[in-house]
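Reader: Could you walk me through this structure, one step at a time?
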Amino acid sequence: MNAMPMTAHVSTLRLPPWPSAVSVAKLFAGGLAGLLIWEIWARVFTKAVLGIAFMSFAGHVIYGAVAAYAFEKWASPQPSGM
């Protein structure tokens, strides 16, 4: 019966080759480009798409009205359950 050994000698184990400097530079450049795109998306496009109503004057008026209504409900005395 041929059994495979469960252990290997250290000299037979080989590490993968190190990437070249060009490959590392390309990975760095790609990661940097992805980070810059993400930052632009998060800081510009998200605000433009989701926050346009609240950045305008009408948005501030709506926000103020909602805040005043919520404060009025919170600050007004509640009737007792008796």
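Author: Happily! Let us begin with a term: a residue is buried under 20% relative accessible area, exposed over 50%, and partly exposed in between (1.4 Å probe, protein chains only). This is a predicted model, where local features need pLDDT of at least 70, side-chain atom pairs count only at pLDDT 80 or more, and totals for chains, interfaces and linings use all residues. Residues are numbered from 1 along each chain as its sequence is written, and side-chain values use heavy atoms, with hydrogens and water left out.

Reader: Is F28 buried or exposed?
Author: F28 lies in helix α1, residues 21-50 (helices are DSSP runs of H or I, at least four residues, and strands are runs of E, at least two, numbered from the N terminus). Its relative accessible area is 61%. The cut-off for the top class is over 50%, so F28 is exposed.

Reader: Which helix has the highest mean pLDDT?
Author: pLDDT is the predictor's confidence in each residue, from 0 to 100. The chain has 3 helices and 0 strands, and its mean pLDDT is 76. Helix α2 (residues 52-55) has the lowest mean among the elements, 57. The highest, 88, belongs to α1.

Reader: Which side chains meet in a salt bridge?
Author: Side chains of opposite charge can pair when their charged atoms come close. The rule asks for a side-chain nitrogen of Lys or Arg within 4 Å of a carboxyl oxygen of Asp or Glu, and the count comes to 1. The partners both lie in helix α1, 4 residues apart, about one turn of the helix. At 2.8 Å, N to O, they are E39 and R43.

Reader: Does R43 count as buried or exposed?
Author: Its partner E39, at 29% relative accessibility, counts as partly exposed. R43 has 57% relative accessibility, so R43 counts as exposed.
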